[in-house]
Amino acid sequence: REDQGVVDVPLRDEWVSGRRAVARADEAQKPARTRWRVEKRYADAALLEVALDTGRQHQIRVHLAHIGLPILGDRVYGRRNEASRTGPQRPMLHARRLGFAHPVTGERVEVESPPPADLSRVLARLRPPTPRVSALMTDRSAARPDPAPGAGSRRESGPKRARGNGPRRKAGSKRRTRPKGRTSPRGSRGD
C-alpha cells in the first residue's frame with residue numbers, strides 16, 4: 001500500500017441516514033481535498049498524518065473510509081467489527097496541530113496538543129508489523145509489474161470477504177445450524 005496520497009473527491013451536501021458521503025455526480029456537493037501520509041505502520045493499522053485543504057464536516061472520516069483506510073473506533077464510517085466494546089470507544093482522531101488565520105487580525109495562529117491518554121493506550125496495544133510480512137509485501141511489489149488496466153488477478157476479481165465471517169463454503173451450500181434447544185454440538189442427551 002502507498003505511504004501517502006491525496007483524496008480529492010467532493011462530499012455530498014446533504015445528510016442521509018445521519019451520515020455524510022462521497023457525492024455522486026447528480027447530487028448537490030461541496031469540493032473536499034484531504035492529504036495523508038503514513039507516520040508509522042502496525043500489523044493491522046497505521047498511524048497517519050492528515051492535512052485538510054478544505055474543511056468539511058466529517059471530511060477525514062468519509063475520505064479515509066472511501067479509500068479503504070477507515071478510522072479505528074469509528075462506529076459510523078469505519079468497520080463495524082473493529083468498533084466493538086473491546087476496542088476504542090470513539091474514533092481515534094486527534095488534532096495534534098491546528099493552524100488558521102485569526103478572523104480579526106488575519107495573523108497566523110498555530111496550536112499543538114499531545115495525544116490524549118486513550119489514543120496513547122490504543123497505539124501501545126497495536127502490534128508492530130512482522131519483518132517477514134513486510135519483506136513479502138516488498139518482494140511481491142518489486143517482482144511484479146503493475147497489471148494493465150482491467151487485467152486483475154483471479155483473487156482481485158473475485159468477491160471480497162470480510163474477516164471473521166467463518167470458513168469459506170462452496171457457492172450455494174448452506175451453513176449447518178443446530179436444532180433449536182440444543183446448547184452444544186453433542187446436546188444434553190449425551191449422544
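The secondary structure of the protein chain comprises four helices and seven strands, where helices (H or I, at least four residues) and strands (E, at least two) are DSSP runs numbered from the N terminus. This is a predicted model: local features need pLDDT of at least 70 and side-chain atom pairs count only at pLDDT 80 or more, whereas totals for chains, interfaces and linings use all residues. Residues are numbered from 1 along each chain as its sequence is written, and side-chain values use heavy atoms, with hydrogens and water left out.

**Exercise 1. State the order of the elements and describe the sheet that contains β4.**

Solution.
Step 1. Read from the N terminus, the elements run β-β-β-β-β-α-β-β-α-α-α.
Step 2. Three strands form an open sheet in the order β1-β4-β5, with antiparallel pairing; two strands pair if DSSP finds at least two bridges between them.
Step 3. The edge strands of this sheet are β1 and β5, each of which pairs on one side only.
Step 4. On average, neighbouring strands of the sheet are turned by 25° against each other, direction ignored. Such angles are taken between axes, that is, lines fitted to C-alpha atoms.
Step 5. The antiparallel strands β4 and β5 are joined by seven bridges. For T34, the bridge partner in β5 is L52.

**Exercise 2. Identify the buried residues of α1 and the strands against which they pack.**

Solution.
Step 1. Apply the cut-offs: buried means under 20% relative accessible area, exposed over 50%, and partly exposed in between (1.4 Å probe, protein chains only).
Step 2. In α1, the buried residues are Q59, R61, V62, H63 and L64.
Step 3. These buried residues of α1 pack against β1 (4–8), β2, β4 (33–41) and β5; a contact means heavy atoms within 4.5 Å.
Step 4. For the protein chain as a whole, 16% of the 191 residues count as buried.

**Exercise 3. Locate the residues S17, H58 and G68, and describe their phi values.**

Solution.
Step 1. Recall the general rule: most residues other than glycine have a negative phi.
Step 2. S17 has a positive phi of about 55° although it is not a glycine. S17 is placed in the loop between β2 (11–12) and β3 (29–30), and it is exposed, with a relative accessible area of 72%.
Step 3. H58, also not a glycine, has a positive phi of about 65°. H58 lies in the loop between β5 (46–52) and α1 (59–66) and is partly exposed, at 23% relative accessibility.
Step 4. Just after α1, G68 takes a positive phi of about 85°.

How values were computed:
Axes are lines fitted to C-alpha atoms, for helices over the stretch in contact, and angles run from 0 to 180 degrees between N-to-C directions.
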